[in-house]
Amino acid sequence: MRKFVLRYLIPRIIQYLTLIFVGITLTYIIPRLAPTNPVEAQVSMMIARGSSLDPDAIEAMRAALTELYGLSGSPVEQYFAFWSRLFRGDLGPSLGNFPTPVSEMIGQALPYTLRLLIPALIISWIFGNFFGALSSYYPENKALNVVEVLGQVVRSIPYYIVAIVLLVVFSYFIPIFPFSGAYPIGTRPDWSSLDFILTYLEHSVLPAATLILVGFGGWFVGMKSLTSNIISEDYVVYAEIVGLKKRNILVQYIMRTAMLPQLTALAMSLGTVFSGALIMEVVFGYPGVGSLAIRAVYSNDYSMIMGITIYSIIGVATAVFLIDLLYPLFDPRVRYQ
Amino acid sequence: MIFLSYDSPYDPSKSFVVPWDLPPSWEHPFGTTSRGQDLFWWLTFAVRNSLYVGVVTAIISRVISILVGLTAGYRGGWIDRVLMAISDTFVVLPLLPILILLSFLLRESMNLLNLAIILGLFGWSFDARLIRSQVLSLRERSFTRTAVYSGTNSFWITIHEHLPFVLPIVFATTLNNLLWSMGMEVTLSVLGLSDLSTPTLGTALFWANQHGALVAGVWWWITAPALVTAVLFLGLYLLFTSINEYIDPRTRLRLIGG
Amino acid sequence: MTLLSVRNLRAYYQTEAYGISRTVQAVDGISFDLFPNEIYGVAGESSCGKTTLIKVISGNIKHPLKVLEGSVIYNFNGYQVDMLQISEDELRRNVRWKQISYVMQGSMSVLNPVRKVIKTFEDIVRTHEGITDKKKFLEQTRAHINRLGLPTDVLNAYPHQLSGGMRQRVAIALATVFQPALIIADEPTTALDVVVQRGVLHMIKDIQAMSKNTVLLVTHDMAVHANVTDRMMIMYAGRIAEEAPTESIFNAPLHPYTQHLINSLPMIGEKTTRTSLGGSPPNLANPPGGCRFHPRCPHVMDECRTVVPDLVTVKERHRVACHLFKEDSV
Amino acid sequence: MKNHTLSRRQFLKASAAFTAAAALPEQLAKPAPRVAGRLWQEIAPGVPREECLILENPSGSVLPAGDFNRWRAGYGAFWVCGLQQLALDALWYIDPDAGINGVWDNALAAEPPIYNEDFTQMTVKLREGIYWSDGVEFTADDLYYTVELLKNTPGMGSQGLFESNVDHMEQPDKYTVIFYLKKPNSRFHAVFTVRWGAVYMMPKHIFEKVEDPIAFTFNPPVSLGAYKLRDYDPNGKWVLWERREDWQRTSVARLGEVSVKYVMYIDPGPSDKRVLAQMAHELDVIHDITPEGRITLARQSPSSVGWFPSFPWAHPDPTLPAVIYNNEKPGLDKREVRWALTLAIDIVQVALASYRGAATISAIHVPPTGMYPQYYHEPLEPWLNDFTIKVGGEDYKPYDPTAAQRIADEARKSLGDLVPTDPEILKKYIGAGWWKHDLAAAEQLMLDAGMRKKNGKWVLPDGSDFKVPLLSMSESNPTMNRAAAMVVENWAEFGIDTTLDAQANPWPIMGSGEYTASLAWTIETWGGHPDLFFFLQYWHSRVYRPSGEVSVGSNSMRWKHPELDRIIEEIEKIHFDDPRGIELGLEFCKLAVQEMPITPLMAYNVFTTMDTTYFTGYPSIDDPYTNPVPNWGNTKYMFVKIKPKSS
């Protein structure tokens, strides 16, 4: 057990922490390099919006905002202040929607993203792996080959294009799905009402489909190549010579072992999938973190962008970490080392 | 198509060289845009530029991933752990927000080349991992051991004994990396965050959106780039898989059942 | 009466890759019989077609392996099976493991790495007999394991927790759950250290003695043959060079190749250095004409280069394929 | 080689796939869009569609939802979710167009501001009988309190403004407040005068109970307008307002009946989705869409109407998109160069690229909108015709009176009879002339300025690079971005080393002067009222800030000129309504034309499109009682004119 902790646990914990540290530091530095600062963004936006303010007024407001946004002090000071706030779980106020805390706004949007992302991820993972294994086990099966080619294509096509194509086809040319949002204009989210949940699902079909389609291809291909290696493994050949039922072999001998690397891959893919989800939300006008992020970018809302990136880094890192921890349960070889 | 771009009758940087909003015809196979450009010829440049991004990214990230992968895999120990920690960080880092920020930061200097370089700097990690694992398995092969016993130095081993076996993987991953970076280009451009005056598959869609091509009934302005992208990606995929099967010793062995 | 009779078997690998079509004549016109209650050895350098031969007779023929001609007929006391005709399904239901079981080359890796050993037993038994009563199954398996002198707890271990020798034993145990008529053992002892080897070989012998069935033992290791087999064949380049009871092979080898193999065995307290043959076994993609051994043969004659020697019975139960020997010439 | 086989294969595939796609067009021609997934009978619980006017909130989703503190510094999308249009009210309104009873409206105030002769005192008389939605009367207390609170609370939008202007106030009676100013300010009332927005009144009885007025969200907002909040989407996609039972006790009541029961501001998504939404009659007022979208509506949605009955449809905002030069950058600090760049622009192409010709162009530095053509453009026409600049020592007449005509002709090629022919109408719709597209003259001007041409590209006199990347707005204003792309093309043709630098939010970049040229606006006017102080207040050299420092207000082109200072100082001295104002305005226009600190292009045309399926009475060029652009505070006047069809 001690060995397990030393050899397995410790390195992964270190990994986990580095991941978070590097990621968060990056997200802190990059926006600060930007040519403009949010105070200007605000002031100039008000002027562009035609509010009549006289010169001194603007000067005064500028000072006030800088103070309020906690942008006074040297970058280094700000950096440490930033970490200490972070440990208190405080991501600061959204600069674009001052003074609402970033965490509050993300808290509002995150559930929508997750409710979409997680099921889509799981579905695509399961189906992708299942059919991937099938197609390498029955290489002569025409249908599966077609699926593979499709998977290959879709997988490589950018999320945006898949999304826009689905949108155009299924809510414009063949209007069977709603055009945007997570529920109709005028309705208020009410998770106790079945009607609402139904329209909510209806609105989520295309966004989910986007994620699933793209994901499916990836898993399919990954699984196929994995399996085609495993098939030539002695114990599989043996199982066949022994005359075990094909289903038994496929499930217990092939899939079961191939799943393990795919599990790690799942963790690894989270970052990318998340980015994909962002784009998808923008296309479908889905009220999730993605829409929030784009908004923030357009209004130079650092703290919001940082907040989102930090959330996603911690989220992804934690997911990876958990999967790593669970891994031994699935793979005895790791368990008994 | 790429090569066609070199004898394009139109300069892609010019607008209103042909009548606008013409549906596809023999004269204009993909129709013309609301900016008075021949979409087909314009896309020939787009494909070329997108590929350019893809290739540059691929090259840069290949170099990094091979170096990191080989070193990590061969040296092992703490070097390995550190390198892998870093690369894993890059793997799971949600890139999009960061890229968006970067493109804001670089503004007009965010041209194709810089974009490609940035993508290259971000896109190496996953493949580095693959290469490393391959090297690890190679290290167990006897010939390495004998080489080690016979006192040949590590660098020599790495280059002469591992690289040949690693190359097939590198090649295979190149495709994914290529497509990935081209995809990223599309994403950023669509958000209006890349060099919009250069024709790429992404900017094609961006300008189409800016001209409301969809509702204006100029559907070909959306359809054509999307199709070309799909076809291009499929084409690349087929090309690479066939080449890969050809150069990869393992697949070759399997095929001739040695 | 015979258990297995193979007649004039031709099995080639035929591949078509990027316009380059290739044919590997792995098994080229082999005929031999197996009888109940014997240990029959197949010897020969690697890639002489041993493994291919086994694949065919164990009914494990997959692309790119093709059987061009010949017959493989089993007779499990009365139950006739034509390996080249039998349906995949019948093969699985009635023959595999019930009649023919298999100890694979490199058996240490035949066990599913992510499942306990017992599970593999379970799978096998379930597919061939079905498990009605789990407890009963467990008892029987334990009994079986113990009979073969294996500790019970291997059943609840994962493969990677067992030593190579132990895994090999398990593999044998798996092969013998149903007391099959024929056990095919392909290089069962390669990659085991000598001590363990002996143990494994003994085990095989004991089992055979116990259940009076037939063991087909394939290995390039002549020493093993000397110790274990009753009868054996020497294969060279996809053909039978010589077949005889083991002691005649070792005491009076006829075929130059056999002689070479015997001579290359180290003898206790002998001085002279071994004379080894030049050259290496031919590439079966384009084997030499005539006798495939002729390029390496010390006694090579003109006809060797052109005429393929028949496998002739030179004396009782002793066949050889060489132009030096004619029917009953000895 | 490989690559070549690839490209060929691809090409075949592409064309194959393409023909496949081409098989659909007849489906494509007539799309049957469906926006919300079902057709509404009820837009929201208890709110029938035909009683609810649905408008686009151009600021998109209102996040965080449920924040209505309009007075806090910084811009929030919630300002325009109906809050400043329906629930808040201010002392005065100046209409960007003609207005209901003229341009000036005394809303909460009973009469215009009363200044003393040296503009150090401003007296405000308030209307009686105006009530907050919670039944409390609106009085001088509220005005007094509002100014006091804002003045003393850092972080409030107008804090500095009142701090620097207001010395103290007096409240002689329940309906009067007298402001004593720290320094003379003849335009102090502008603070309280809505043109898009202004300082709105705060309910004293609410805010005086609040601990932290900055954090306070003012939810639900106590309304002083004709509507009060009914419900809103926690994800900010829609905000629903309902008419107050006592709407007669608000300032709009005297102008007509408020007959729209419910009003909803929504986030309909990008342009294309807005168009589809209106075709499905699920969005009554579109704020803005791409010209192509507007043309589609013109062709496919007969019930959609715009500001102009036909081409160019759009409402011209009193805002002047222009090519803005950073007058400090080497090269651009020379008048000749700025003029050369101007003559290198082909306005016809720009108009076509940006608005497909649906642009209202302006050669001078005030927007050709609202009452301004009467105030400035027409009076200046003769002057422009004889106006000359020195090109290579010769007098040269840069003005081209036919520009608008040529745009119309070009546009007609693709839009046919959608484009009117009557020259008078055209003048009104697309404006008059512009500057010639004359590369020869431009070339000569560059040479006059000492610029040299090095292998096809212009360089500075000292031979160093002359790079002019053009900043523009990518997402927020497609038309601007398209114009910019065209200008870049024109300049490149002329041999300028230029690129398009599209930014989602260029304003802060301009403010800090980290740009060379930008296609945006620094000139906005009252629209209805001729006074130019609205933007000129930022252009006096005393508030000039060099690049690197952040410009004060709109002088981001860093232009200063003694003549300009003189004009501004004179304007400061005269009364807001003094007829001399226009004369000074004309002087400014002439100065700006000579100096060309920025190149004026056109009005910022907003394709505000209104659906007459459920409602009628929208403002238009023929009944220009206000500006229909729905995020303007002034649109509150629409709600006394718009009538439901059902009733």
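**View 1. Chain A, a run of helices.** In this predicted model, chain A has 13 helices and zero strands. Read from the N terminus, the element string is just α-α-α-α-α-α-α-α-α-α-α-α-α. Of the 337 residues in chain A, 56% are buried. Take the contacts in chain A with a separation of 6 or more, and 72% of them turn out to link residues 24 or more positions apart.

**View 2. Where chain A meets chain C.** Here 17 residues of chain A are in contact with 21 residues of chain C. Which helices of chain A each supply at least two residues to the side that touches chain C? They are α9 (234-242), α10 (246-284) and α13 (332-335). Sorted by class, that side of chain A comes out as eight nonpolar, four polar and five charged residues.

**View 3. A loop residue in chain C, C:Leu150.** Look for C:Leu150 in the loop between α4 (134-147) and α5 (164-175) of chain C. Is C:Leu150 buried or partly exposed? There are 19 C-beta neighbours inside 10 Å, and burial takes 20 or more, so C:Leu150 counts as partly exposed. Skip the neighbours within four places in sequence, and C:Leu150 is in contact with C:Ile145, C:Arg169 and C:Ala173. C:Val170 sits 20 residues away from C:Leu150 in sequence, and the C-alpha to C-alpha distance between the two is 8.0 Å.

**View 4. An open sheet in chain D.** Three strands of chain D line up in the order β5-β4-β10, with mixed pairing. Why do β5 (104-106) and β10 (193-194) each have one side without a neighbour in the sheet? Both stand at the edges with a single partner strand apiece, so one side of each is left unpaired there. As a reminder, strands of a sheet pair through backbone hydrogen bonds, either parallel or antiparallel. Strand β4 (residues 92-94) of chain D and β10(D) run parallel, joined by two bridges. Zoom in on D:Trp92, and the bridge partner in β10(D) is D:Thr193.

**View 5. Confidence along chain B.** The average pLDDT of chain B is 78, and 79% of the residues score at least 70. One stretch to treat separately is residues 251-258 of chain B, where pLDDT stays under 50. For that stretch, the model has 10 contacts beyond four places in sequence.

Technical notes:
Residues numbered from 1 in each chain as written. Chains lettered and ligands numbered in written order. Predicted model: local features only at pLDDT ≥ 70, side-chain atom pairs only at ≥ 80, totals over all residues. Pairing = 2+ DSSP bridges. Helix = DSSP H or I, 4+ residues; strand = E, 2+ residues; numbered from the N terminus. Buried ≥ 20, exposed ≤ 12 C-beta atoms within 10 Å, placed from the backbone. Contact = placed C-beta atoms within 7 Å. Nonpolar A, V, L, I, M, F, W, Y, C, P; charged D, E, K, R; others polar. pLDDT = per-residue confidence, 0-100.
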